[in-house]
Amino acid sequence: MKHVDDNFIDGKWSKAGGSERTTVVNPTTEADYATVAHGSRMDVASAAEAAAKAFPDWSSMAAGARAAILERTLKEIENRTDAFVEAMAREIGVPVWFGKMLQLPMPLRNGAVAVEAIRSMRWREFMGPSLVSRVPVGVIGAITPWNAPLHQIVAKVMAALAAGCTVILKPSEIAPSTAILFTESLAAAGLPPGAFNMVWGGPEVGSAICSHPDIDMVSFTGSERVGMAVAEAAGRRGKRVVLELGGKSAAVILDDAPLEKAIPAVLTSCFANSGQTCVAQSRMVVPRRLRGEIEDLCRDAMKTWTVGDPLDPSTRLGPLATSAHYRRVREYIARGAAEGAKAIEGSGERIEPERGYFVLPTVFSRVEPSMIIATEEIFGPVLSVIAYDDEREAIAIANDTSYGLSGSVWGSDNERALRVACQLRTGQVSLNGAPQNFLTPFGGFKKSGFGRENGRFGVEEFLQYQAIHGAAAVPDA
Ligand code: NAD
């Protein structure tokens, strides 16, 4: 078993000083896989001191020099691809196909876009006699979840470093290897000591970050419940906050949609990573008259979702990440049946592996918008099919959620699909399966959070404007 004992502070690995330890369980075998020592409030204070000390040099370094270090970091990450993919399979059950197809390529692309952004950014401009500059916010506390562990770390840490900020990361305590490999990549790329620091821990370390006076901003990704506590604790101390929270995204199927293409794609969005993605399209809003045909297509598409060992390349669906989460998702499935939704045949038919936190993919049809399975984020492979009678009702159902992260619209008439998409109250919408474009901003409306990641928008989140008046002489009128 692997034991993780050290934080990374001021360029060095040093013993974590907290009294707790998290045991990481391999969700496929249910065997203990690693333990992680938690840091203490003192460790957060040491990390904040190191980050504050490193800030003047890192923030005043030419953007091109910062970009070169970050580019080398991306190369170092890429060189460790197999180690990242294997660690994600063993610690959180990510199937290797998904690790290779998305969990690694997404942060690599995202990091490259942040680097491009600072190379082309207009850092200073004159407005009359005044100089307006984009300056880094300062010391950043970054708190990340486990479900796309590298992506979430890169989206915050690389964007913040690119902006000229220095960082204290508190990664998820149940996916430690990703954070260790990332830290090694930064160190190998020659990042100066103190620019990046990492402290292990759970809520106690997260809340120490939110309250430390020398941390200027907290960027958080995780659940709505914890996000609200982070916003409150950090806001009380006047810190800037970015929240990337959950979702209950809808795929709107219009009556002229290419169903053969749309239905398998919606199931992929809902089931990939065992449904543990914030952007999962976990509601499918369908024309009532096409519901029977759509149920048949769901039944066919579900057969392709082979469940098994995430290290087996033929496995499409691994286990859920933890036993607590496994229990929670199964409770939601039982609740859906109890509420009167109809589980489509195939949802519960395959034999589950004897061990491991495996939940079979489930499609519920005849779901009413008010049912719990249609309103709460399940974060598991559970899709709710909801019928509508006209386009206006479809839009109303899609928007009838406290979340607003993502969604999709499917239809043969692109203009109509775009018109519908523009009425969805979510941060991003895909038309007919168009992939995410990392140059564009990513983030939520409503309880999915505020602030943006990705591209120059993600870097700008860590910048603030400064105006210096009288910086240039005004020419005589
Ligand atoms: P979580 O909220 O339980 O934990 C997230 C992080 O917060 C972890 O590092 C955890 O240790 C830390 N934390 C816990 N309590 C804290 C406290 N009181 N103060 C400060 N930090 C604290 O979330 P999770 O289970 O790790 O992740 C799943 C959730 O994340 C889902 O809701 C999912 O939708 C969301 N998510 C959102 C996005 C997005 O970009 N919008 C991306 C991925 C995941």
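Tutor: Helices in this discussion are DSSP runs of H or I of at least four residues, and strands are runs of E of at least two, both numbered from the N terminus. By that convention P203 lies in helix α8. Please keep in mind that the model before us is predicted.

Student: Is P203 buried or exposed?

Tutor: The general idea is a cut-off: a residue is called buried under 20% relative accessible area, exposed over 50%, and partly exposed in between. P203 has 67% relative accessibility, so it counts as exposed.

Student: How far apart in space are P203 and E224?

Tutor: One compares the separation in sequence with the distance between C-alpha atoms. P203 and E224 are 21 residues apart in sequence, and their C-alpha atoms are 14 Å apart in space.

Student: Which elements supply residues of the shell around the ligand?

Tutor: At least two residues of the shell come from each of α8 (203-211), β11 (217-221) and α9 (224-236). Helix α8 gives the largest share, which is three residues.

Student: How many residues surround the ligand, and which are the closest?

Tutor: There are 28 residues around the ligand, and the closest are T144, Q152, S223, L245 and E377. By character, the shell divides into 13 nonpolar, eleven polar and four charged residues.

Student: Which atoms of the ligand are 2.6 Å from the side chains of S223 and E377?

Tutor: For polar contacts, one looks for pairs of N or O atoms within 3.5 Å. An oxygen atom of the ligand is 2.6 Å from an N or O atom in the side chain of S223. An oxygen atom of the ligand also lies 2.6 Å from an N or O atom in the side chain of E377. With L245 the partner is in the backbone: a polar backbone atom there is 2.6 Å from a nitrogen atom of the ligand. As for coverage, the ligand on its own has 860 Å² of accessible area, of which the protein covers 87%.

Student: Where does the ligand lie with respect to domain 1 and domain 2?

Tutor: The ligand lies between the two, because both domain 1 (2-246 + 445-469) and domain 2 (250-425) give residues to its shell.

Student: My next topic is the aromatic rings. How many aromatic pairs does the structure hold?

Tutor: A pair of aromatic rings is described by the distance of the centres and the angle of the planes. The structure holds eight aromatic pairs. In one pair, W146 and F379, the ring centres are 5.7 Å apart and the planes stand at 75°, so the arrangement is edge-to-face. This pair links distant parts of the chain, 233 residues apart: W146 is in the loop between β8 (139-143) and α6 (149-163), and F379 is in the loop between α13 (372-375) and β17 (382-388).

Student: Are W146 and F379 buried or exposed?

Tutor: W146 counts as buried, because its relative accessibility is 17%. F379 counts as buried too, at 16%. Elsewhere, F8, W13, F182 and F196 form one aromatic cluster.

Student: Which values of phi do S274 and N432 have?

Tutor: The general idea is that most residues other than glycine have a negative phi. S274, however, has a positive phi near 55°. S274 is in the loop between α10 (259-271) and β14 (281-287), and its relative accessible area of 2% makes it buried. N432, which is not a glycine either, has a positive phi of about 50°. N432 lies in the loop between β19 (430-431) and β20 (449-450), and at 16% relative accessibility it counts as buried.

Student: Let us return to sequence and space. What separates the C-alpha atoms of E331 and I378?

Tutor: The distance is 9.7 Å, while along the chain E331 and I378 are 47 residues apart. E331 belongs to helix α12 (residues 323-338) and counts as exposed, at 54% relative accessibility.

Student: How far apart are K248 and P310?

Tutor: K248 and P310 are 62 residues apart in sequence and 25 Å apart in space, C-alpha to C-alpha. K248 is in the loop between β12 (240-244) and β13 (249-253) and is buried, with a relative accessible area of 2%.

Student: In which helix is D300 found?

Tutor: D300 is in helix α11 (residues 291-302). With a relative accessible area of 45%, D300 is partly exposed. From D300 to I263 there are 37 residues in sequence and 9.7 Å in space, C-alpha to C-alpha.

Conventions
Residues are numbered from 1 along each chain as its sequence is written. This is a predicted model: local features need pLDDT of at least 70, side-chain atom pairs count only at pLDDT 80 or more; totals for chains, interfaces and linings use all residues. Side-chain values use heavy atoms; hydrogens and water are left out. A residue is near a molecule or strand if one of its heavy atoms lies within 4 Å of it. A polar contact is a pair of N or O atoms within 3.5 Å; within protein, one must be able to donate a hydrogen and the other to accept it, and residues adjacent in sequence count only if both atoms are side-chain atoms. Accessible areas come from the Shrake-Rupley method with a 1.4 Å probe; for residues, only the protein chains shown count as cover. Ala, Val, Leu, Ile, Met, Phe, Trp, Tyr, Cys and Pro count as nonpolar, Asp, Glu, Lys and Arg as charged, and the others, Gly among them, as polar. Domain bounds come from an automatic or database domain assignment. Rings of Phe, Tyr and Trp (its six-membered ring) pair if their centres lie within 6.5 Å; planes under 30 degrees apart count as stacked, over 60 as edge-to-face and the rest as tilted. Buried means under 20% relative accessible area, exposed over 50%, partly exposed in between (1.4 Å probe, protein chains only).
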